[in-house]
Amino acid sequence: MDNTQKWIAFSTIVRREIHRFMRIWPQTLVPPIITIVLYFVIFGRLIGSRIGEMAELPYIQFVAPGLIMMSVITNSYSNVVSSFYGSKFQRNIEELLVSPTPNWIILLGYVCGGMARGLGVGAMVTLLSLYFADFSLHSLPITIGIVLMTSLMFSLAGLINAIFAGSFDDISIIPTFVLTPLIYLGGVFYSIDLLGEFWGTVSLINPILYMVNAFRYGMVGITDIDVTYSFAMVGLFSVVMFGLALRLLETGSRLRS
Amino acid sequence: MNDSTQPALAIKQLNKTYEDGFEALKGIDLNVPPGDFFALLGPNGAGKSTTIGIICSLVRKTAGTVKIFGYDIDKDFSAAKQHVGVVPQEFNFNQFEKPIDILVNQAGFYGIPAKLAHERAEKYLKQLALWEKRDTPSRTLSGGMKRRLMIARALIHEPKLLVLDEPTAGVDIELRRSMWEFLQEINRQGTTIILTTHYLEEAESLCRNVAIIDHGEIVKNTSIRELLTQLNTETFVLDTKEQMDQCPEVSGYPLKQVDGHSLEVAVEKSQSINELFGALTEQGIHVVSMRNKTNRLEELFFDLVEKNLQEKANG
């Protein structure tokens with residue numbers, strides 16, 4: 001395949017992925033919006049007004065960046081894991097596997113599809129958050145940079161999960177038992193200063209902590225973690241996951257007999 | 001390196017051993033010339049689908065080489081795939097997508113620009129009588145329509161080699177005939193076709209050459225014509241004008257009465273069917289029609305597979 005053909009193959013995968021989640025928008029776009037609105041109403045308005053300040057910010061302002069990041073993470077992940085596993089289950093992944101499309105194009109296509117949904121939902125949640133909280137943007141490059149890298153990383157994670165999955169149960173286990181606890185313990189709702197030295201140190205092994213803090217820094221200018229370190233960690237995780245996902249596609253693990 | 005004089009498919013010492021130790025292919029060799037209409041026959045589990053899976057890279061081979069029009073599927077991955085289209089046995093398209101989208105997307109995976117992809121999708125959907133259904137969710141199509149959709153999808157990049165795994169399984173007679181005509185037409189236009197089938201009548205009607213695979217080995221690879229010359233006995237069913245109260249007897253012809261108006265007889269290649277008709281007429285029995293009891297190729301197929309089984313049993 002020449003470069004033009006590769007571009008056509010890539011854009012076909014991305015277009016198909018976007019078309020898929022747009023076609024089933026009541027399942028893919030509406031639920032995360034409703035969930036985040038509930039978070040804003042309950043944790044931001046009802047409980048948040050009694051909490052007062054967190055890290056010298058009104059609680060709703062503190063929690064808003066974490067909630068936006070949460071929607072980006074869960075939607076990037078769930079789009080790729082459900083789409084790729086669905087293709088495996090229906091065996092239409094074979095349409096791609098028999099074609100001359102290189103594996104790295106397949107990987108990028110699915111990941112960009114996941115990022116399109118993650119960032120799209122994230123943008124809608126950001127617009128909604130303006131209704132609940134007032135905040136100015138502290139650093140646009142940091143905000144955009146970290147949200148892009150986070151979406152990339154969790155799209156890759158979703159793809160790896162889908163490749164390994166052998167049943168629909170397998171694609172819900174990781175989000176339920178790994179992703180959700182990591183998000184809740186990743187500093188979305190609290191500053192790790194509240195945890196004390198031991199649990200604060202334990203929290204540092206949670207990659208979501210770095211993403212949420214870097215994003216919060218970009219939006220409101222406060223963070224528990226060094227932002228440079230956050231970018232380095234997310235970048236490292238992304239490179240490792242990209243390598244692993246590509247290796248799995250190259251070897252045909254769980255895709256080819 | 002590659003041109004149309006190269007074999008459409010050249011397989012050398014192809015071996016496949018699955019992770020559980022099952023040896024599905026035991027070093028097979030196969031050559032399919034360009035423009036051929038080739039049948040790959042064999043009982044269930046013989047290795048047909050594994051061979052096709054390796055050709056289209058859905059199955060990883062253990063050893064051996066596979067070349068498609070001279071392009072090695074390992075070394076010239078992209079070129080080899082551009083030259084082959086595959087119609088699998090099971091439906092493997094997204095049941096929620098529309099036929100037009102399935103075809104246009106598949107074209108995209110081969111790097112075909114959108115305008116050309118739409119033109120080809122229209123062409124093949126029309127040729128396969130699916131154009132009216134182009135915007136219908138594919139899950140609502142009938143079984144025959146789904147099979148035709150997979151053929152259209154396999155042709156969207158206009159491959160020089162089309163491989164079909166049981167293309168007419170579960171398809172009604174009328175549709176099967178129309179699919180045969182379609183395949184014969186694209187073969188006439190230059191596309192090499194390889195098919196596996198359980199309907200040996202299909203192989204006899206369509207194909208020029210045949211390979212019979214059994215227990216992962218090619219037990220016969222020849223032309224259909226050559227194969228049929230090896231047939232020593234054919235069994236015919238004769239329909240008679242007169243009611244027969246008992247089975248007539250004709251020396252040298254083992255007749256068996258099926259019912260009051262039909263007889264069954266095994267005729268050896270050296271014998272003359274006219275002689276039988278004459279003998280029956282002398283007994284006042286007139287034959288009004290005659291048909292093969294079983295497909296001729298079917299008899300040969302069973303003979304070969306049975307022979308292979310006995311050879312294995314004898315070590």
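**Interface, A against B**

I started with the contact between the two chains: chain A puts in 22 residues and chain B puts in 24. This is a predicted model, so I'm reading everything below as computed from it. On chain A's side, I asked which elements give two or more residues; they are H1 and helix H6 (94–97). H1(A) is the top contributor there, with seven residues. I also sorted chain A's side by class and got seven nonpolar, nine polar and six charged residues.

**His19(A)**

Next I picked a residue in H1 of chain A, the helix that spans residues 3–23: His19(A). Buried or exposed? I count 14 other C-beta atoms within 10 Å of His19(A), so I'm logging it as partly exposed; the buried label needs 20 or more. I also took a C-alpha distance from His19(A) to Gly109(A): 13 Å, for two residues 90 apart along the chain.

**Sheet in chain B**

Then I traced an open sheet in chain B. It has four strands, ordered E2-E1-E4-E5, with antiparallel pairing. Which strands stand at the edges? They are E2 (23–32) and E5 (71–72) of chain B; each has a single partner strand, so one side of each has no neighbour in the sheet. I looked at the E5(B) end in more detail. Strand E4 of chain B, residues 63–68, runs antiparallel to E5(B) and is joined to it by two bridges. For Ile68(B), the bridge partner in E5(B) is Tyr71(B). I also checked what packs on this sheet and found helix H1 of chain B, residues 48–55. H1(B) touches strands E1 (9–17), E2 and E4 of chain B, and its direction makes about 115° with that of E1(B).

**Nonpolar cores**

Last, the cores. The largest nonpolar one has 146 residues. I pulled the residues with the most contacts inside it: Leu67(A), Leu159(A), Leu103(B), Ala152(B) and Val163(B). Which helix gives the most to this core? That's H5 of chain A (residues 59–90), with 16 residues. I followed one of the hubs, Val163(B), leaving out neighbours within four places in sequence. Its contacts are Ile52(B), Ile55(B), Cys56(B), Val84(B), Val86(B) and Ile194(B). Apart from the 146-residue core I noted another core, of five residues, including Leu238(B), Leu263(B), Val265(B) and Leu280(B). A general reminder to myself: in soluble globular proteins, nonpolar side chains tend to be buried together.

Note on methods:
Residues are numbered from 1 along each chain as its sequence is written. Chains are lettered from A and ligands numbered from 1 in the order in which they are written. This is a predicted model: local features need pLDDT of at least 70, side-chain atom pairs count only at pLDDT 80 or more; totals for chains, interfaces and linings use all residues. A residue is buried if 20 or more other C-beta atoms lie within 10 Å of its own, exposed if 12 or fewer, and partly exposed in between; C-beta atoms are placed from the backbone. Two strands pair if DSSP finds at least two bridges between them. Two residues are in contact if their C-beta atoms, placed from the backbone, lie within 7 Å. Axes are lines fitted to C-alpha atoms, for helices over the stretch in contact, and angles run from 0 to 180 degrees between N-to-C directions. Ala, Val, Leu, Ile, Met, Phe, Trp, Tyr, Cys and Pro count as nonpolar, Asp, Glu, Lys and Arg as charged, and the others, Gly among them, as polar. A nonpolar core is a set of buried Ala, Val, Leu, Ile, Met, Phe, Trp, Tyr and Cys residues joined through C-beta atoms within 7 Å.
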